[in-house]
Amino acid sequence: MKLRIWTDVSYPEAATGLRREVTRGQELIAGGGALDACEVAFGQPRPEAVMDSPAVRWVHLDSAGYERYDASGVRAGLAARGLALTTSSSVYREPCAEHLLAMITGLARGLPAALDAQRGDRSWPMHEIRRTARLLAGQTVVLLGYGAIARRLAEMLAPLGMTLVAVRRRRQEDALARVIAESELGEYLPLADHLVSTLPANAETRRFVNAARLGALKPGAVFYNIGRGSTVDQEALIAALASGRLGAAYLDVTDPEPLPPGHPLWAAPNCYITPHSAGGYATEKEELVRHFGENLRRFVAGAELIDRVG
Ligand SMILES: NC(=O)c1ccc[n+]([C@@H]2O[C@H](COP(=O)([O-])OP(=O)(O)OC[C@H]3O[C@@H](n4cnc5c(N)ncnc54)[C@H](OP(=O)(O)O)[C@@H]3O)[C@@H](O)[C@H]2O)c1
């Protein structure tokens, strides 16, 4: 029997053609209209619409984040129906991990300061940059969140000789990182040269990175965030940078987005900002469709789905 697949995604032609291919043999209902008669939803359906559509058996989000589905009422409703929720985490883990690796290595080598000098006064800050450059070997990274992105980053950092500590909700042994609970964080922050957040937005992560935690870091530590802006107390971050105690911050996500041109984060000392571009790459949309296609194949076969939440 044909599955009816609802979608609201609107991608360039290459990805749309691929979408036709991966859904061949099924009925594709594009345009984001009514969900009620569909068994599968691909894109960003509203949780309320899914709850009101008893035919839906599987929702596949074209994002890594699933904050709208992370409310206890929604999760309980989905679980009661046995409805599967999957994300596109696999599509974003490589670019996001590479983006973080670029910032960690770039800052350690003083690249932003050198590029500022090139675009600014064309001075030759050789001594200052050489003197402040740091070797990563032997340094400690504390990872807030240890999901798809952070685990890929850990694979990239471990060969550099860095010590890795990771906070997640579920404690599980790991070959690369010492996995700790949030309650143990206070013990490890003073050891951290780098604090890397890939936390999603949810009720528990709001302002997770606050004045107390920033203040507990080793002096000169660097903070990175590619998760969500809401997980950081930005006023506390600006104060930590202004005091000079926090060495630098690198943010791919902020609250709000886009960050208004007059926002104080832009001018905070040693604060480097990219415009939520960590997950992007030229073939991103095709990869999203391929990922959905692979999960569709598995759904039809009754096999385990990739990136299933819960
Ligand atoms: N900047 C970008 O372009 C971009 C691109 C993609 C994703 N993102 C963001 O990055 C986030 C992470 O992506 P991912 O693919 O790595 O997601 P993921 O695989 O779902 O990992 C999320 C991690 O956060 C942990 N976590 C959640 N709430 C927590 C809490 N209260 N305390 C401690 N740990 C908590 C989870 O713990 P458990 O493992 O124990 O559940 C998990 O380890 C996404 O949700 C999205 O917001 C940004």
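Trainee: Why does Cys96 count as buried?

Mentor: Its relative accessibility is 7%. Buried means under 20% relative accessible area, exposed over 50%, and partly exposed in between, with a 1.4 Å probe and protein chains only. So 7% puts Cys96 in the buried class. Bear in mind that this is a predicted model: local features need pLDDT of at least 70, side-chain atom pairs count only at pLDDT 80 or more, and totals for chains, interfaces and linings use all residues. Residues are numbered from 1 along each chain as its sequence is written, and side-chain values use heavy atoms, leaving out hydrogens and water.

Trainee: How do you know that Cys96 is in no disulfide?

Mentor: A disulfide is a pair of cysteine sulfur atoms within 2.5 Å. The nearest cysteine sulfur to that of Cys96 belongs to Cys271, 18 Å away. That fails the cut-off, so Cys96 is in no disulfide. The count for disulfides comes to zero.

Trainee: What makes Trp58 and Phe292 a stacked pair?

Mentor: Rings of Phe, Tyr and Trp (its six-membered ring) pair if their centres lie within 6.5 Å; planes under 30 degrees apart count as stacked, over 60 as edge-to-face, the rest as tilted. Trp58 and Phe292 lie 5.5 Å centre to centre, with 20° between the planes. Both tests are met, so the pair is stacked. Trp58 is in strand 4 (residues 58-61) and Phe292 in helix 12 (residues 284-301), 234 residues apart. Helices (H or I, at least four residues) and strands (E, at least two) are DSSP runs, numbered from the N terminus.

Trainee: Why are Trp58 and Phe299 called stacked?

Mentor: Their centres are 5.0 Å apart and their planes 25° apart. Those values pass the pairing and stacking cut-offs, so the label holds. Trp58 is buried at 0% relative accessibility, and Phe299 is buried at 16%. Ring pairs join Phe42, Trp58, Phe292 and Phe299 into a cluster.

Trainee: What makes the Ser89 side chain a polar contact of the ligand?

Mentor: A polar contact is a pair of N or O atoms within 3.5 Å; within protein, one must be able to donate a hydrogen and the other to accept it, and residues adjacent in sequence count only if both atoms are side-chain atoms. An N or O atom in the Ser89 side chain is 2.6 Å from a ligand oxygen. So the pair qualifies. A backbone N or O atom of Ala148 lies 2.9 Å from a ligand oxygen, and a side-chain N or O atom of Arg228 is 3.2 Å from one.
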